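Let's take a friendly walk through this protein together. Have the sequence and the 3D view at hand, and follow along one part at a time.

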Amino acid sequence: MKKKKGTKKLAVAKPKRNNKKKFVSTPKGRFVVASLSALISTGIIGLFLMYGPITYFRELLITSAMTTINHKYLATWFYPQETIDYVMSKNTVIEPDANTNDEQINVSSKENEMTLTEISKDGYKGWVLEISDPSKVILGISEYFGTKGQKMPYFIANYDALAGINAGGFGDAGGHGNGGLAMGLVISEGKVLKMPKKSSYDIIGFDYNNVLIIGKYTASEIEGLNLRDAVEFNPRLIVNGEPATIKGNGGWGMAPRTAIGQRTDGTVLFVVIDGRSLASTGVTMKTLQEIMIDLGAYNAANLDGGSSTVLYYENEVVNNPSGSDADGMRFLPNAFLVMK
């Protein structure tokens, strides 16, 4: 075939080759870029939350860290002491001055019934156990009290109990406490097992009228309380129907919680809230108080929480304890138990 005269061959421009290797030319490259971007974004967001104008996260971090025994460094690494002191002063529980008035509690004998209910809201998950007969609630003691604690299933077995929650705090030097060093006053079945000398005691326990007694008492006042089972812990959340005044988040941060309360009809409330997990982040002291108010508690107090929080009922551990052992449970010096 002859070419027509005067016809020019069109020149097709070839794309210039870029000999430089593109970083995102492979799936691996795209993954690396995405990962770096995520890290940078996370870092920027983290800095904003920790040091930005919105104080909620900063205050939650500081109060959560400073109320632990072994993890205060999570606050002291990042903030000067004056900032920590200021945040702690803004977030606190102002407890009611009054102590329990047992005249408002009806503790007439009745058949014991227990009801377990799961509660969940705003990122937390927990359980409330209602015990209709307060005379069935006692303070169980580790059989090695003063030397070593026990995990909740052992309390249940030793006392042949139906249910139980952790109660008082204990020494935990270096995070390896074995539950042997109970903190504060401890009274079990009428016997005073520990009562350190001091000006006052934060009492949480039952008298022989089966009334939940909470309040700050002197040693001489305790003698007149006729206590049968008690530990020492705080803060008091509700006294005689009056909620404590809580500033900010309460100063205890967000963590697993254990609380005990009593309604005017004598019903005892065991409350546990899981924490430190995606399923349940835990609650602040303010939220714990709101839970107890919603449950109708006339008197209520916070017990030892964190990794100690545990509820046992119907032959099993109901919640998901956050301790470091494989079963999540810690060794405890004592526990509030429900007897048969």
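Before we look at who stands opposite whom, here is one term: two strands count as paired if DSSP finds at least two bridges between them. Keep in mind, too, that this is a predicted model.

**The chain as a whole**

The protein chain contains 7 helices and 19 strands. It has 340 residues, and 46% of them count as buried. Take the contacts between residues at least 6 apart in sequence: 70% of these join residues at least 24 apart.

**A sheet built around S19**

Strands of a sheet pair through backbone hydrogen bonds, either parallel or antiparallel. In one open sheet of this model, 5 strands follow the order S4-S19-S5-S17-S18, with antiparallel pairing. Its edge strands are S4 (137-141) and S18 (316-317), each of which pairs on one side only.

Start with S4 and S19 (residues 334-338), which are joined in the antiparallel sense by 5 bridges. Within this pair, Gly 140 stands opposite Ala 335 in S19. S5 is also joined to S19, by 4 bridges, and these two strands run antiparallel. Here Gly 164 is the residue opposite Leu 337 in S19.

Is S19 mostly covered or mostly open? It is mostly covered, as 5 of its 5 residues are buried. The cover is found on both faces: Asn 334, Phe 336 and Val 338 are buried on one side, and Ala 335 and Leu 337 are buried on the other. Helix H5 (residues 152-159) lies across S4, S5, S17 (311-313) and S19, and runs at about 50 degrees to S19.

**Another sheet**

A further open sheet also has 5 strands, this time in the order S7-S6-S10-S8-S9, and its pairing is antiparallel. The edges are formed by S7 (191-194) and S9 (212-217), each pairing on one side only. On average, neighbouring strands in this sheet are turned by 30 degrees against each other, ignoring direction.

At one edge, 3 bridges connect S6 (residues 186-188) with S7, and the two strands run antiparallel. Ile 187 has Val 192 in S7 as its bridge partner.

**A residue in a loop: Phe 170**

Now find the loop between S5 (163-166) and S6, where Phe 170 lies. Why does Phe 170 count as buried? Its relative accessibility is 4%, and buried means under 20%, so Phe 170 falls within the buried class.

Which residues touch Phe 170, once its neighbours within four places in sequence are left aside? Among them are Ile 69, Gly 177, Leu 181, Asp 304, Arg 330 and Phe 331. Ala 182 is another of these contacts. Phe 170 and Ala 182 are 12 residues apart in sequence, and their C-alpha atoms are 4.2 Å apart in space.

**Two pockets**

Finally, turn to the open spaces. The table puts the two pockets next to each other.

| Pocket | Volume | Lining residues | Element giving the most |
|---|---|---|---|
| Largest pocket | about 1300 Å³ | 43 residues | H2, 5 residues |
| Second largest pocket | about 230 Å³ | 14 residues | H7, 4 residues |

In the largest pocket, the lining residues nearest the centre are Thr 67, Thr 68, Ile 69, Arg 276 and Gly 306. The elements that give two or more residues to this lining are helix H2 (56-66) and strand S16 (299-303). By class, the lining of the largest pocket divides into 16 nonpolar, 19 polar and 8 charged residues. You have already met one of the central residues, since Ile 69 is also in contact with Phe 170.

In the second largest pocket, Lys 121, Asp 122, Tyr 124, Thr 287 and Ile 291 are the lining residues closest to the centre. Strand S2 (114-121) and helix H7 (285-294) each supply at least two residues of its lining. The lining of the second largest pocket has 6 nonpolar, 4 polar and 4 charged residues.

Terms used:
Residues are numbered from 1 along each chain as its sequence is written. This is a predicted model: local features need pLDDT of at least 70, side-chain atom pairs count only at pLDDT 80 or more; totals for chains, interfaces and linings use all residues. Side-chain values use heavy atoms; hydrogens and water are left out. On a 1 Å grid over the protein atoms alone, a cavity is a set of points where a 1.4 Å probe fits but cannot get out, and a pocket is an open set with protein on both sides within 12 Å along at least five of seven lines; lining residues have an atom within 4 Å of a point. Grid points are joined across faces, edges and corners, and a volume is the space filled by probe spheres set on the points. Ala, Val, Leu, Ile, Met, Phe, Trp, Tyr, Cys and Pro count as nonpolar, Asp, Glu, Lys and Arg as charged, and the others, Gly among them, as polar. Axes are lines fitted to C-alpha atoms, for helices over the stretch in contact, and angles run from 0 to 180 degrees between N-to-C directions. Buried means under 20% relative accessible area, exposed over 50%, partly exposed in between (1.4 Å probe, protein chains only). Contact means heavy atoms within 4.5 Å.
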